[in-house]
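Got your viewer open? Load the model, switch to a cartoon view, and let's take a walk through it.

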Amino acid sequence: MRVGIVGAGMSGLACAEALMRRGHAVALLDKSRGAGGRMSVRRLATAQGEASFDHGAQYFTLRDPGFIARAENWIASGYLAPWPAAGADAYVGTPSMNAPLRQMAEGLPVQWRARVIQLSRQGLGWCLHLETDGQIEVDAVALALPAEQAAELTLAIAPAMAARAGSTRTLPCWTVMAAFADRLSTPLDCWRGEGSDPIGWAARNGSKPGRTGPETWVLQASPDWSRSNLEAPEDVIISTLLAAFWDRLGQAPITPIAQTAHRWRYARSGTEGSGAIWDAEHRLGLCGDWLIGPRVEAAWVSGTALAAQIMTSL
Ligand SMILES: Cc1cc2nc3c(=O)[nH]c(=O)nc-3n(C[C@H](O)[C@H](O)[C@H](O)COP(=O)(O)OP(=O)(O)OC[C@H]3O[C@@H](n4cnc5c(N)ncnc54)[C@H](O)[C@@H]3O)c2cc1C
C-alpha cells in the first residue's frame, strides 16, 4: 500500500514515519524547498555574518507520551534542547527550530518543490497532480496541511471533508526579524504582549541553545493586529513593529544591520477537535494541528493518529 502524503511539516512527517515503521510505502510531497513548514528558519546575510531566525513556531511542549518518546531521540541526537527562558517545559530545535523536521525528513522519501494542485480518482486510489505537470499515483492520500489549504484541495472531491476543514479559521501572524550589531541591553530574552500592544510575542533568537551569529530578535504581531494590517506593505509593518518594540523596551531606536518581515497568512490554527479524519471508503484523510490545537505537539499527535487509522482500515 502506497500512501501519498501532501505536506511535510510536523504532521505529515509524523504520519509518514508511523506508516513506514509498519511497512507501508509513502510518497511525501511538499511545495517548499526544505523541511520546516510553520517551524521554518529564515537566514539573512549581514556584515557580521549570517543571522538566523526561527520565524514560525518559537518553542514547543512535550506532554503526550508518544511525543515525549519521539523527542527523547531528538534530545539524545542534539536536535532538541530546553529553552528555559520561555518556560520550564519549553523546548526548541537546535541549532534551529526545523532541526527535528530535518532529521525526520532525512529518513523519508520527500519530494521538495512539489506543490499538489489537484487530486483525482484513479481506480480505487488517487492521482496527485503537481503544479509542474507531473502526476503521482497512490493507493491512499493524507493531506497534512493547514485547514484552509486542505479545504481548497478537497472541495471538488470530498465536500463534507472540505466543510469540516472550513469550519475552523487559522489566524495570521506578521513577523519581523531584525539583527543588531550589538547585544540589546534588555535583560529579557522573551515576553508576550498585552492588551492593545501590536506585538504579541518578542524573543531574542540568539538566547536559544546552539545559536550563533549576531544579535537577533523575532517580533510577532498579535493576531488582531496582524489581521487588521494583513495587506499593509512590508516596510510599514517593519517600522511599526520596531517602533512598538523600542517603546516597550523604553529605549531609543537602534538601526538593525539586517531586517525583514514575513506574513504568515495561516499561523495559529483553530481546534476542529477530531484528532484526525480518515474516510476508509475513499482512502482519503486529513491531519494537522487544526484537528487538535495550534501547537507543534498537536501536529505530531494528529499525524500519528491518522497513520494509526489508515493502518487499522487497510
Ligand atoms: C508565527 C507562528 C508562531 C507559532 N508559534 C508556536 C509556538 O510557539 N509553539 C507551538 O507549539 N506552535 C507554534 N506555532 C504552530 C506550529 O508551528 C504548528 O502547529 C505546526 O508547525 C503545524 O504543523 P503542520 O504539519 O500541521 O502544518 P505545517 O507546518 O503548516 O505544514 C504544512 C506543509 O504543507 C506544505 N504545503 C502546503 N500546501 C501544499 C501543497 N498544495 N502541496 C504541497 N505541499 C503543500 C507546506 O509547505 C508545509 O511544509 C506557530 C506557528 C506560526 C506560523
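**Stop one: a pair of strands**

Start by selecting β12 and β16, which pair in the antiparallel sense over 8 bridges. Keep in mind as you look around that this is a predicted model. To see one rung of that pairing, pick V176 and its bridge partner in β16, A261.

Now add β15, residues 215–221. β12 pairs with β15 too, again in the antiparallel sense, over 6 bridges. Here the rung to click on is M177 with V218.

While β12 is still highlighted, is it mostly covered or not? It is mostly covered, with 8 of its 10 residues buried.

**Stop two: two domains**

Zoom out and colour the chain by its domain assignment: domain 1 is 2–38 + 99–168 + 271–313, and domain 2 is 41–97 + 171–268. Their C-alpha centres lie 27 Å apart. Where the domains touch, the contact takes 14 residues from domain 1 and 22 residues from domain 2.

Look at the domain 1 side of that contact. The elements giving two or more residues there are α3 (99–106) and α8, and α8 gives the most, with 5 residues. By type, this side divides into 7 nonpolar, 3 polar and 4 charged residues.

**Stop three: the ligand**

Next, show the ligand and the 36 residues around it. Which of them come nearest? Click on G7, G9, G37, R38 and A299.

Then see which elements build this shell. α1 (10–21), β12 (171–180), β16 (258–268) and α8 (296–313) each supply at least two residues, so to speak your old friends from the first stop plus two helices. The largest share, 3 residues, comes from α1. Both domains take part, with at least three shell residues drawn from each. Sorted by type, the shell holds 18 nonpolar, 12 polar and 6 charged residues.

**Stop four: the core**

Finish inside. Nonpolar side chains in soluble globular proteins tend to be buried together. Here, the largest nonpolar core has 99 residues, and C15 and V141 touch the most other members. α8 gives the most to this core, with 9 residues. Domain 1 and domain 2 both give residues to the core, so it lies between them.

For a last close-up, centre on C15. Leaving out residues up to four places away in sequence, C15 touches I5, A142, A144, C287, G303, T304, L306 and A307.

Note on methods
Residues are numbered from 1 along each chain as its sequence is written. This is a predicted model: local features need pLDDT of at least 70, side-chain atom pairs count only at pLDDT 80 or more; totals for chains, interfaces and linings use all residues. A residue is near a molecule or strand if its C-beta atom, placed from the backbone, lies within 6 Å of it. Helices (H or I, at least four residues) and strands (E, at least two) are DSSP runs, numbered from the N terminus. Ala, Val, Leu, Ile, Met, Phe, Trp, Tyr, Cys and Pro count as nonpolar, Asp, Glu, Lys and Arg as charged, and the others, Gly among them, as polar. Domain bounds come from an automatic or database domain assignment. A nonpolar core is a set of buried Ala, Val, Leu, Ile, Met, Phe, Trp, Tyr and Cys residues joined through C-beta atoms within 7 Å. A residue is buried if 20 or more other C-beta atoms lie within 10 Å of its own, exposed if 12 or fewer, and partly exposed in between; C-beta atoms are placed from the backbone. Two residues are in contact if their C-beta atoms, placed from the backbone, lie within 7 Å. Two strands pair if DSSP finds at least two bridges between them.
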